[in-house]
Amino acid sequence: MSFLNDNGPNNHHDFHRFKEPLPVPPLLDGLRILVLEDEFLIAMDVEQLCRDHGAGEVVIARDLTEVDGRKVATQFDAAIVDLMLGGTSTLEFAAGLRETGVPFVFASGYSDADEIKATFPGVRLVTKPYSGEDLVEAVALAYGRGSPD
């Protein structure tokens, strides 16, 4: 008895189950993303995560002085913002992102979610430690890709 031909000459294999799924564009395909993160290893992980999901460019800023807030809207499609950089609040910078129309998410270990929801309604706070998938989905949704659950 052969396991390959156990139904004889009229064997009807389901060839569809072996087909490759249709390629789905990565959620961050081609996006230019600004990452405000002062912890080096987390910043590196977030950069790689964004690249793995198709981001075209990822720029890390570990301090607000590294970013020209007036040029962010022309240089980036989306941002991932830690609430605190080196002890400095990023809420004013985030307000500038909102004013210029740059979609963003907060990614932070500081979890005063009520204040964030009140000040930035509709902006997602992904709390650390977060899963990479949660962060990528949050950025994609902020940019208008993907679908909310």
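These are my notebook entries on a handful of residues I looked up in this predicted model.

**Entry 1: Salt bridges, the tally**

I began with the charged pairs. The count comes to four salt bridges. I took the pairs one by one after that.

**Entry 2: Arg32 and Asp77**

The side chains of Arg32 and Asp77 meet in a salt bridge, with 3.0 Å from N to O. I then checked where the two partners sit: Arg32 is in strand E1 (residues 32–36), while Asp77 is in the loop between helix H2 (72–75) and strand E3 (78–81). They are 45 residues apart, and the pair links distant parts of the chain.

Next I wanted to know how much of each partner is open to solvent. Arg32 comes out as partly exposed, at 27% relative accessible area. Asp77 has 17% relative accessibility, and it counts as buried because the cut-off for that class is under 20%.

**Entry 3: Lys128 and Glu37**

My second pair was Lys128 with Glu37, whose side chains form a salt bridge at 2.8 Å, N to O. Lys128 is in the loop between strand E7 (125–127) and helix H5 (132–143), and Glu37 is in the loop between E1 and helix H1 (40–52), so this bridge ties together parts that are 91 residues apart in sequence.

Is Glu37 buried or exposed? I found it buried, with a relative accessible area of 2%.

I also looked for further partners. Glu37 and Lys128 belong to a network of salt bridges, in which Asp82 is linked as well.

**Entry 4: Arg51 and Glu47**

Here I turned to a pair within one helix. Arg51 forms a salt bridge with Glu47, and their closest N and O atoms are 3.1 Å apart. Both residues lie in helix H1, four residues apart, which is about one turn of the helix.

Their accessibilities fall in separate classes: Arg51 is partly exposed at 36%, whereas Glu47 is buried at 18%. I noted that Glu47 falls in the buried class because its 18% is under the 20% cut-off.

**Entry 5: A nonpolar patch**

Which residues make the nonpolar surface patch of about 310 Å²? I wrote down Phe40, Leu41 and Met44. I followed up on Met44, which is found in helix H1. Met44 is partly exposed, with 32% relative accessible area, so it passes the requirement of over 30% for a patch member.

**Entry 6: His53**

I moved on to the loop between H1 and E2, where His53 lies. At 17% relative accessibility, His53 counts as buried.

What does the side chain of His53 make a polar contact with? The partner is the side chain of Glu133, at 3.5 Å. Leaving aside neighbours within four places in sequence, I listed the contacts of His53 as Pro26, Leu27, Leu28, Asp29, Glu133 and Val136. Glu133 thus turns up in both searches.

**Entry 7: Val59**

My last stop was strand E2 (residues 57–61), which holds Val59. Val59 is partly exposed, with a relative accessible area of 28%.

Not counting residues up to four places away in sequence, Val59 touches Ile33, Leu34, Val35 and Phe76. I also took one C-alpha distance here: Val59 and Ala79 are 9.5 Å apart in space and 20 residues apart in sequence.

Key
Residues numbered from 1 in each chain as written. Predicted model: local features only at pLDDT ≥ 70, side-chain atom pairs only at ≥ 80, totals over all residues. Heavy atoms only, no water. Helix = DSSP H or I, 4+ residues; strand = E, 2+ residues; numbered from the N terminus. Buried < 20%, exposed > 50% of the residue type's maximum accessible area, 1.4 Å probe, protein only. Contact = heavy atoms within 4.5 Å. Patch = residues over 30% accessible without salt bridge, like charges linked within 9 Å, V, L, I, M, F, W, Y side chains within 5 Å. Areas by Shrake-Rupley, 256 points an atom, 1.4 Å probe, with all protein chains shown as cover. Polar contact = N/O pair within 3.5 Å; in protein donor to acceptor, adjacent residues only side chain to side chain.
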